[in-house]
Amino acid sequence: MTVGEKQVEAGNPPEVLDGPFTTRQLLRIDEALRLADQGTGLVFSVFVGGLDEPTREHAERLHRQLAEPERSVLIAVSPNQRRLEVVTGKQARKRIPDTYAKLAALSMVAAFGGGDLAGGIINGLDQLATHAGKG
């Protein structure tokens, strides 16, 4: 559920404000997603939260639920479990092979290790989009 789908009652802030990101960080991630989508013609998504075990299968299930899974790239991050999964659809994988997804993941993990969750996601989106190129 997104913030827009939930009625915010007086005095109860949206759930997203209780998450790991500041409003500024959320805006930066949103901008990075928009730029990646527009620059590549692919659809990028980010999930931050707990992943059921096995985490890869859970991330793949989330990916299949996206509006256009064949053209989509999902970055699924579970900070508490210290897990990161990058899932690409069939069309997206032609432009972002697993090798490049792994390189972006290594870069994200390095930022996460330094305590920069938002920056890691933003840099990962940029690396994936740059490699995918214009669509």
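**Exercise 1. How many salt bridges does the structure hold?**

Solution.
Step 1. Note that this is a predicted model.
Step 2. Recall the principle: side chains of opposite charge can pair when their charged atoms come close.
Step 3. Apply the cut-off: a side-chain nitrogen of Lys or Arg must lie within 4 Å of a carboxyl oxygen of Asp or Glu.
Step 4. The total is 6 salt bridges. One of them joins aspartate 52 and arginine 61, at 3.8 Å from N to O.

**Exercise 2. Find the salt-bridge partners of glutamate 85 and place them in the chain.**

Solution.
Step 1. Glutamate 85 pairs with arginine 56, and their closest N and O atoms are 3.3 Å apart.
Step 2. This pair links distant parts of the chain: glutamate 85 sits in strand 3, arginine 56 in helix 2, 29 residues apart.
Step 3. Glutamate 85 also meets arginine 83 in a salt bridge, at 2.8 Å from N to O.
Step 4. Check exposure. Glutamate 85 has 7% relative accessibility and counts as buried. Arginine 56 is partly exposed at 33%, and arginine 83 is partly exposed at 36%.
Step 5. Shared partners join Arg56, Glu60, Arg83 and Glu85 into one network.

**Exercise 3. Which residues of helix 2 are buried, and where on the helix do they lie?**

Solution.
Step 1. Helix 2 covers residues 55-64. Its buried residues are Thr55, His58, Ala59, Leu62 and His63.
Step 2. These residues lie on the same side of helix 2, because they cover an arc of only 145° around the axis.
Step 3. Link this to helix geometry. An α-helix has 3.6 residues a turn, so residues three or four places apart point the same way.
Step 4. Look at what they pack against: strand 1 (43-48), strand 2 and strand 3.
Step 5. Take histidine 58 as an example. Its relative accessible area is 11%, so it is buried. Beyond its neighbours within four places in sequence, histidine 58 contacts Gly50, Leu51 and Asp52.

**Exercise 4. Describe the largest nonpolar core.**

Solution.
Step 1. This core has 26 residues, and Phe44, Val73, Ile96 and Leu128 touch the most other members.
Step 2. Elements giving two or more residues include helix 1 (23-40), strand 2 (72-78) and helix 4 (98-113). Helix 5 gives the largest share, 8 residues.
Step 3. Zoom in on isoleucine 96. Among the residues it touches are Leu42, Phe44, Val73 and Leu128.
Step 4. A second, separate core has 6 residues, including Ala59, Leu62, Leu74 and Val87.

Terms used
Residues are numbered from 1 along each chain as its sequence is written. This is a predicted model: local features need pLDDT of at least 70, side-chain atom pairs count only at pLDDT 80 or more; totals for chains, interfaces and linings use all residues. Side-chain values use heavy atoms; hydrogens and water are left out. A nonpolar core is a set of buried Ala, Val, Leu, Ile, Met, Phe, Trp, Tyr and Cys residues joined through side-chain atoms within 4.5 Å. Buried means under 20% relative accessible area, exposed over 50%, partly exposed in between (1.4 Å probe, protein chains only). Helices (H or I, at least four residues) and strands (E, at least two) are DSSP runs, numbered from the N terminus. Contact means heavy atoms within 4.5 Å. The arc is that of the directions from the helix axis to the C-beta atoms.
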